[in-house]
Amino acid sequence: MRYLDLSVSDEVINRIVELTSFKSMKENPMANYSCVPSPVFDHSISPFMRKGEVGDWKNHFTPEQSKVFDEDYEEQMKDVNIPFRSLI
């Protein structure tokens, strides 16, 4: 908002914060992809939004899968002007 030299009320900001919370987005079909047909995205296998916990992927990826992902990500992003970060 500052960049655009605009302002909004605290009420609007609070509503934005509420609607962009993980809990709210997990329940919103437009954000959680539950409106996508199951042949395209099968939520019975895994929902698009699971827990909202940072690092939970470590409970699902083996160290080898993580290594392969990181290598592929670096390769796919090599021409993008965004620095690669492996730690937050």
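In the predicted model, Phe48 makes contacts with Ala31, Asn32, Tyr33, Phe41 and His43, leaving aside residues up to four places away in sequence. Phe48 itself lies in the loop that runs between helix H3 (29-32) and helix H4 (63-77). The relative accessible area of Phe48 is 40%; because this value falls between the limits of 20% for buried and 50% for exposed residues, Phe48 is classed as partly exposed. Phe48 and Phe69 are separated by 21 residues in sequence, and their C-alpha atoms lie 18 Å apart in space.

The aromatic residues were examined next. Six aromatic pairs are present in the structure. One of the pairs is formed by Trp57 and Phe61, whose ring centres are 6.1 Å apart and whose planes meet at 75 degrees, an edge-to-face arrangement. Phe61 also pairs with Phe69: the distance between the ring centres is 6.3 Å, and the planes stand at 70 degrees, so this pair is likewise edge-to-face. The assignment follows because an angle over 60 degrees between planes counts as edge-to-face. Phe61 is thus a partner in the pair with Trp57 and in the pair with Phe69. Together with Tyr73, the residues Trp57, Phe61 and Phe69 form one aromatic cluster.

Phe61, like Phe48, is placed in the loop between H3 and H4. When residues up to four places away in sequence are not counted, Phe61 touches Ser66 and Phe69. With respect to solvent accessibility, Phe61 is partly exposed, at a relative accessible area of 35%. Trp57 is also partly exposed, with a value of 38%, and Phe69 is partly exposed at 46%. These three members of the cluster therefore fall between the limit of 20% for buried residues and that of 50% for exposed residues.

At the level of the chain, an unreviewed UniProt entry carries the annotation "domain: Sulfotransferase" for residues 2-80. Within residues 2-80, helix accounts for 44% of the chain and strand for 0%. The C-alpha atoms at the two ends of this segment are 27 Å apart.

Conventions
Residues are numbered from 1 along each chain as its sequence is written. This is a predicted model: local features need pLDDT of at least 70, side-chain atom pairs count only at pLDDT 80 or more; totals for chains, interfaces and linings use all residues. Side-chain values use heavy atoms; hydrogens and water are left out. Helices (H or I, at least four residues) and strands (E, at least two) are DSSP runs, numbered from the N terminus. Buried means under 20% relative accessible area, exposed over 50%, partly exposed in between (1.4 Å probe, protein chains only). Contact means heavy atoms within 4.5 Å. UniProt positions are given in the numbering used here, feature names are shortened, and annotations may be inferred rather than shown by experiment. Rings of Phe, Tyr and Trp (its six-membered ring) pair if their centres lie within 6.5 Å; planes under 30 degrees apart count as stacked, over 60 as edge-to-face and the rest as tilted.
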